[in-house]
Amino acid sequence: MAAAIVLLTRDLRVHDQPALAAACRAGRQVPLFVLDPALLGGLHASPNRAAFLIECLADLDSSLRRMGGGLVLRRGDPVAEAMRVANAVGAAEIHLSADAGTHAAHRRIRLAEACSRAGLKLALHRGVAVVPPAELTPSGGDHFRVFTPCWRRWRAALWRPPVPVPGRMRLPDGIAPGRRPGPGDAVPGPRSPRLPRGGETEGRHLLNRWLRRDLPAYGDAHDDLPGDRTSRLSPYLHFGCVSPLEVALRTAGRQGGESFLRQLCWRDFHLQVLAARPDLTRRDYRSRGRHWKDDPDLLQAWSEGRTGVPVVDAGMRQLRREGRIHNRARLLVASFLVRELGIDWRRGAAHFFEWLVDGDVANNAGNWQWVAGTGNDTRPNRSFNHLRQALRFDPAGDYVRRYVPELRGIPGAAVHRPWALPAAERERIGYPDPIGPGARSGRS
C-alpha cells in the first residue's frame with residue numbers, strides 16, 4: 001500500500017491540519033519535519049524561535065505517537081530530505097501547506113520540480129492563513145494595497161470548514177524517526193530568559209483560557225500596557241500550533257470578537273502583500289525618498305532600552321526579557337526609531353526578527369513599513385507622540401516600572417518624565433537623558 005508524506009513547515013499541530021488530514025487518508029503516513037540549516041543558521045536564525053520550535057516539535061511528536069504514529073525528523077535541505085524519505089517508503093504523494101515568502105516559494109517550486117521528475121503527486125493545502133492570499137485578490141489587481149477593502153473581502157469570504165483530527169496513524173515499516181531536536185540544535189546567541197512554552201498543547205490551553213477570560217474585554221483593553229490583556233497567541237499562530245481558522249471561528253460573533261478578527265485579518269493582509277511583493281523585507285513598498293541616518297550608537301541605545309524615554313525603554317527591555325513586546329509598545333518603539341532617530345526601518349526590523357519568538361516575515365516587514373510610512377498606511381506621515389501615548393496607555397506608570405528597574409522608585413505618572421526630576425535625584429537613579437531632538441516633548 002502506497003505511503004503519503006506530509007512535509008511540515010509552520011503547521012505544527014494535529015487539530016485542523018488539512019495537509020496532515022489528507023496524508024492520513026493514505027494507508028501509511030510520514031509526518032516529516034526537516035531542520036533546515038538555511039533557516040536555523042542563516043538570515044532567519046533566532047535563538048528564541050529555535051528554542052520555541054524545539055518544544056513545538058517535541059509536543060507534536062507526543063501527539064502523533066498517541067495516534068499511533070510519530071514525527072519523522074531529518075536535518076538538511078527539506079526538498080532533498082523529503083525526496084529521500086519518499087523513495088525509502090515508496091510514497092506516491094507529498095502534502096504541503098501553502099505559504100508565502102521567498103524561502104517558502106523557492107521550496108515549493110523546487111519540491112514541485114523534484115516530484116515531477118520522480119512521478120510523485122504534490123498536493124498543496126490551505127492552513128497557514130484564515131483566507132489564503134490567492135482568495136484575497138481584488139478585481140483589477142494582484143493584491144490589496146489598503147487594509148479596509150481587504151477587511152471587507154476577508155469578512156465576506158467563504159471560510160473553509162475545519163478539518164477533524166485524524167483518528168489513527170501508522171508509520172511505514174522500517175522508517176527511522178530520527179534524532180529528536182535537543183541542545184545541539186539551538187541557535188547560538190543570547191536568549192530571552194522568560195520565553196513562552198512552545199507546542200500545540202500549550203497553545204490550545206492558552207487559547208481556551210483567553211477566549212473564556214479576556215476576549216470579552218479585548219476591544220477596550222488590548223492597548224492597555226500594564227494590563228497586557230492581549231491574546232499572546234502570535235507565536236502559536238506563527239508556528240501553526242493553533243489553527244488561525246479555528247481561532248477565527250471561535251472568536252467570530254462573540255463579545256470582543258470583531259476587534260480581534262481585525263488583527264487576524266491584518267495577519268492575512270500582510271501575507272498577501274508578501275506573496276505579491278517577495279522583496280517586502282528589503283525594499284520600500286512605496287518609496288518616499290527618505291534619507292536614513294547611519295548612527296550605530298543611537299541604534300544600540302535603542303536596541304538595549306537606553307534611550308532615556310521610559311515607555312520606549314520598557315518596550316525594548318520587554319522584548320529582550322520575554323521574546324515578545326506588547327502590540328502598542330511595538331508601535332511606539334518602532335516610531336521612535338524611524339521618526340525620532342531617523343534610522344532605517346530595516347535596522348529595526350532586523351533587531352525585532354532576531355529576538356521575537358513570533359517573528360513572522362510578513363507581519364514584521366509589513367508592520368515596520370507601515371510605521372515608517374513606506375508601506376500600506378494611507379497616512380504615510382503618521383507619527384506617535386510617545387509621551388502622550390504613555391500617559392494614555394500606562395497612566396500610572398506600572399508598565400514602565402515593570403521593565404525599567406531604575407525607575408521603580410518614581411511614583412505614578414511622574415515615571416514618564418524622569419528628566420523633570422531634580423538633578424541630584426537623576427544622578428542617583430543613573431537613568432540616561434533622552435536621546436533624539438524631540439524626545440522630551442514626546443514628538444515622534
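These legends describe close-up views of one predicted model. Local features need pLDDT of at least 70 and side-chain atom pairs count only at pLDDT 80 or more, while totals for chains, interfaces and linings use all residues. Residues are numbered from 1 along each chain as its sequence is written, and side-chain values use heavy atoms, with hydrogens and water left out.

**View 1. Five strands form an open, parallel sheet.**
The strand order is 3-2-1-4-5. Strands (E, at least two residues) and helices (H or I, at least four residues) are DSSP runs, numbered from the N terminus. Two strands pair if DSSP finds at least two bridges between them. Strand 3 (72-75) and strand 5 (121-125) are the edges, each pairing on one side only. Neighbouring strands are turned by 25° against each other on average, direction ignored. Axes here are lines fitted to C-alpha atoms, for helices over the stretch in contact; angles run from 0 to 180 degrees between N-to-C directions. Strand 2 (residues 28-35) runs parallel to strand 3, joined by four bridges. One partner pair there is Val34 with Arg74 of strand 3.

**View 2. Strand 1 is mostly covered.**
Six of its six residues are buried. Buried means under 20% relative accessible area, exposed over 50%, and partly exposed in between (1.4 Å probe, protein chains only). Ala3, Ile5 and Leu7 point one way from strand 1; Ala4, Val6 and Leu8 point the other way. Strand 1 and strand 2 run parallel, with six bridges between them. Leu8 has Phe33 as its bridge partner in strand 2.

**View 3. Helix 4 and helix 5 pack on the sheet.**
Contact means heavy atoms within 4.5 Å. Helix 4 (residues 78-89) touches strand 1 (3-8), strand 2, strand 3 and strand 4 (91-97). The direction of helix 4 makes about 155° with that of strand 2. Helix 5 (residues 102-118) touches strand 1, strand 4 and strand 5. The direction of helix 5 makes about 150° with that of strand 5. Ile109 sits in helix 5. Ile109 is partly exposed, at 45% relative accessible area. Its C-alpha atom is separated by 25 Å from that of Cys241, 132 residues apart along the chain.

**View 4. The largest nonpolar core has 63 residues.**
A nonpolar core is a set of buried Ala, Val, Leu, Ile, Met, Phe, Trp, Tyr and Cys residues joined through side-chain atoms within 4.5 Å. Leu12, Phe33, Trp154 and Trp159 have the most contacts inside this core. Helix 11 (residues 257-276) gives the most to the core, with eight residues. Apart from this core lies another, of 46 residues, including Ile325, Ala329, Trp345 and Trp370. Leaving out residues up to four places away in sequence, Trp159 touches Val130, Val131, Trp154, Leu245, Ala248, Leu249 and Leu261.

**View 5. Helix 13 is largely enclosed by the rest of the structure.**
Helix 13 covers residues 310-322. Eleven of its 13 residues are buried. Among them are Pro310, Val311, Met316, Leu319 and Glu322. The buried residues pack against helix 12 (296-303), helix 14 (327-340), helix 15 (345-355), helix 17 (386-393) and helix 18 (398-403). The end C-alpha atoms of helix 13 are 18 Å apart, which agrees with the expected 18 Å. That expected span is 1.5 Å times one less than the number of residues. Gly323 follows helix 13, with a positive phi near 70°.

**View 6. The structure holds zero disulfides.**
A disulfide is a pair of cysteine sulfur atoms within 2.5 Å. The closest cysteine sulfur to that of Cys24 is in Cys241, 18 Å away and too far for a bond. Cys24 counts as buried at 14% relative accessibility. Cys150 is in no disulfide either; the nearest cysteine sulfur, in Cys265, is 4.6 Å away. Cys150 is buried, at 0% relative accessible area.

**View 7. Arg254 is found in the loop between helix 10 (244-251) and helix 11.**
Arg254 is partly exposed, with a relative accessible area of 38%. Arg254 touches Leu211, Arg212 and Leu215, not counting residues up to four places away in sequence. The C-alpha atoms of Arg254 and Trp210 are separated by 13 Å; the two are 44 residues apart along the chain.
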